[in-house]
Structure formats: structure tokens, C-alpha cells
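Have a look at the fold below before reading on. We'll start at the surface, then work through a helix, a buried acid and a charged pair.

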Amino acid sequence: DPELPLVSIIIPVHNAAAWLEETFASVVAQTYEGAVEVSIFDDASTDGSDGIIRAWLPRFSAATIGHVASGSRWTDPAAWAGGIGY
């Protein structure tokens, strides 16, 4: 519904691989009818969190959820944004 306000979900991450699948699945499963965007910021995780984040980016796109993801150790800035115009 374009009349509803945009909802922004901010997910800070540091070695959170054990919880990311459940967290991201809950974002995709939300029932809010307005626009939703998710911002994910990985703070130098060493547990594979970055791979999980990258694997979920196409799922957010498929669910029409705008997204931006970045990490302090990520080297590919072209893969960060999808659907959020910054």
C-alpha cells in the first residue's frame, strides 16, 4: 500500500551466523503491506556471516524488499545495494 510509511529494518551483525537465517526469514515473512527496506551492516565477522548475508540478498529482492548490505572487510561494493537508492 503506497499510502503506508516506509519501514526500515536495521540489522547490525558481528559473528551472528547462528542467528541470521532465522532473522532474515522473519524479515521476508513479515506481513506489513507498505514498503520495507533492510540495512545489514557486518562488523568484521569471522564466522561466515558475510556469506549468509550475500546469499540472502537475492531473496530480499525476490520479496520486493529493498536492501543494502556492507561490511568492514567486504571488498566488492557493487554487491552491496539492491533496491535502495543511495
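For a surface patch, nonpolar side chains such as Val, Leu and Tyr are joined within 5 Å, provided each residue has over 30% relative accessible area and no salt bridge. Keep in mind that this is a predicted model.

With that in hand, here's the patch: Leu4, Val7 and Tyr32 make a nonpolar stretch of surface of about 200 Å². Leucine 4 sits in the segment before strand 1. Its relative accessibility is 33%, so leucine 4 counts as partly exposed.

Now for helix 2, which covers residues 49–62. Does its length add up, or what span should we expect from its 14 residues? At 1.5 Å a residue they should span 20 Å, and the end C-alpha atoms are 21 Å apart, which agrees. The helix isn't straight, though: there's a bend of about 25 degrees at tryptophan 56, with proline 58 following within four residues. Just past the end of helix 2, threonine 64 adopts a positive phi of about 55 degrees.

Which side chains does helix 2 tuck away? Ser49, Ile52, Ile53, Trp56, Leu57 and Phe60 are the buried ones. The buried residues of this helix pack against strand 1 (7–13), helix 1 (17–28), strand 2 (36–42) and strand 3 (66–71).

One acid is worth a closer look. Aspartate 42 belongs to strand 2, and with a relative accessible area of 5% it is buried. Leaving aside residues up to four places away in sequence, aspartate 42 touches Val13, Ser49, Asp50, Ile53, Ser70, Gly71, Ser72 and Trp74. Two of those names, Ser49 and Ile53, also turn up among the buried residues of helix 2. Aspartate 42 also has alanine 69 at 7.7 Å, C-alpha to C-alpha, although the two are 27 residues apart in sequence.

How many salt bridges does a search of the whole structure find? Just one. Glutamate 21 pairs with arginine 59, and their closest N and O atoms are 3.9 Å apart. Since glutamate 21 lies in helix 1 and arginine 59 in helix 2, the pair ties together parts that are 38 residues apart in sequence.

Here are the accessibilities of the residues discussed above, side by side:

| Residue | Relative accessible area | Class |
|---|---|---|
| Leucine 4 | 33% | partly exposed |
| Glutamate 21 | 40% | partly exposed |
| Aspartate 42 | 5% | buried |
| Arginine 59 | 41% | partly exposed |

Conventions
Residues numbered from 1 in each chain as written. Predicted model: local features only at pLDDT ≥ 70, side-chain atom pairs only at ≥ 80, totals over all residues. Heavy atoms only, no water. Helix = DSSP H or I, 4+ residues; strand = E, 2+ residues; numbered from the N terminus. Expected span 1.5 Å × (residues − 1). Bend = angle between axes of the 7 residues up to and from the residue. Buried < 20%, exposed > 50% of the residue type's maximum accessible area, 1.4 Å probe, protein only. Contact = heavy atoms within 4.5 Å. Patch = residues over 30% accessible without salt bridge, like charges linked within 9 Å, V, L, I, M, F, W, Y side chains within 5 Å. Areas by Shrake-Rupley, 256 points an atom, 1.4 Å probe, with all protein chains shown as cover. Salt bridge = Lys/Arg side-chain N within 4 Å of Asp/Glu carboxyl O.
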